[in-house]
Amino acid sequence: MQLTLIDQVQKYINENPYTNVEEIAKECKTTKKIVREYIRRLKNKGVLNEKTDPNNKTYYICEDLDMDEARPMSKKNEIYMRLIDKYLELLENTHGVDEAIRIGRELRLLAEKV
């Protein structure tokens, strides 16, 4: 089974503790903006911690978290998450306001279902 982008981000952080947004984006072949959004989601779920020093923010997976229990996901939610990943990529590359609004609406609808 192919990992969703958010799962790739989580896995990379787990395997590379104290990594930063730039490294994650490069390794997961996505933008820093998308990585920041996934970091926000993972932090809100309690999966991820952040360490801030004067020059850098780094991230690591909570030590007491069992990675197999971190994000149990139904097949339906997995499909929604993949769609969200694709729409985020489209939004990142959109140049027109009307198209960005349309994609934003789709993202909002998908996010409500997850």
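The side chains of R41 and E37 form a salt bridge with an N to O distance of 3.1 Å, a salt bridge being a side-chain nitrogen of Lys or Arg within 4 Å of a carboxyl oxygen of Asp or Glu. Both R41 and E37 belong to helix α3, where they stand four residues apart, about one turn of the helix. Helices here are DSSP runs of H or I with at least four residues, strands are runs of E with at least two, and both are numbered from the N terminus. The structure is a predicted model, in which local features need pLDDT of at least 70 and side-chain atom pairs count only at pLDDT 80 or more, whereas totals for chains, interfaces and linings use all residues. Residues are numbered from 1 along each chain as its sequence is written, and side-chain values use heavy atoms, with hydrogens and water left out.

E37 has a further partner in R40, and the closest N and O atoms of that salt bridge are 2.6 Å apart. R40 and E37 are three residues apart in helix α3 (residues 32-44), so about one helical turn separates them. R40 is partly exposed, at a relative accessible area of 42%, and E37 is likewise partly exposed, at 23%; buried means under 20% relative accessible area, exposed over 50%, and partly exposed in between, with a 1.4 Å probe and protein chains only. Together, E37, R40 and R41 are linked in a network of salt bridges. Side chains of opposite charge can pair when their charged atoms come close.

A comparable pairing occurs in helix α5 (residues 97-113), where E99 and R102 lie three residues apart, about one turn of the helix. Their side chains meet in a salt bridge of 2.8 Å, N to O. E99 is partly exposed, with a relative accessible area of 35%, and R102 is partly exposed at 38%. The model has four salt bridges by this rule.

From helix α3 one may turn to helix α4, which contains L88. L88 is buried, its relative accessible area being 14%. L88 and E37 are 51 residues apart in sequence, yet their C-alpha atoms are 9.7 Å apart in space. Beyond its neighbours within four places in sequence, L88 is in contact with I34, Y38, R41 and L107, where contact means heavy atoms within 4.5 Å. R41 thus appears both among the contacts of L88 and in the salt bridge with E37.

Helix α4 also takes part in the second largest pocket. A pocket is defined on a 1 Å grid over the protein atoms alone, as an open set of points where a 1.4 Å probe fits, with protein on both sides within 12 Å along at least five of seven lines; lining residues have an atom within 4 Å of a point. The space in this pocket is about 240 Å³, the volume being that filled by probe spheres set on the points, with grid points joined across faces, edges and corners. Helices α1 (5-15) and α4 (75-92) each supply at least two lining residues, and α4 contributes the largest share, with four. The lining comprises three nonpolar, four polar and five charged residues; Ala, Val, Leu, Ile, Met, Phe, Trp, Tyr, Cys and Pro count as nonpolar, Asp, Glu, Lys and Arg as charged, and the others, Gly among them, as polar.

Among the lining residues are L5, K29 and T30. T30 lies in the loop between α2 and α3 and is buried, at a relative accessible area of 15%. Leaving out residues up to four places away in sequence, T30 touches L5, A25 and V35. K29 is found in the loop between α2 and α3, but is exposed, at 74% relative accessibility.

The backbone of K29 has a positive phi near 55°, although K29 is not a glycine. Y18, in the loop between α1 and α2, also has a positive phi, of about 65°, and is partly exposed at 44% relative accessibility. Most residues other than glycine have a negative phi.

Confidence varies along the chain. The mean pLDDT, the predictor's confidence in each residue from 0 to 100, is 80, and 87% of residues reach 70 or more. Among the elements, helix α2 (residues 21-28) has the highest mean pLDDT, 93, and strand β2 (residues 56-61) the lowest, 74. Over residues 65-70 pLDDT stays under 50, and the model has seven contacts beyond four places in sequence for them. Where pLDDT is low, the predicted coordinates should not be read in detail.
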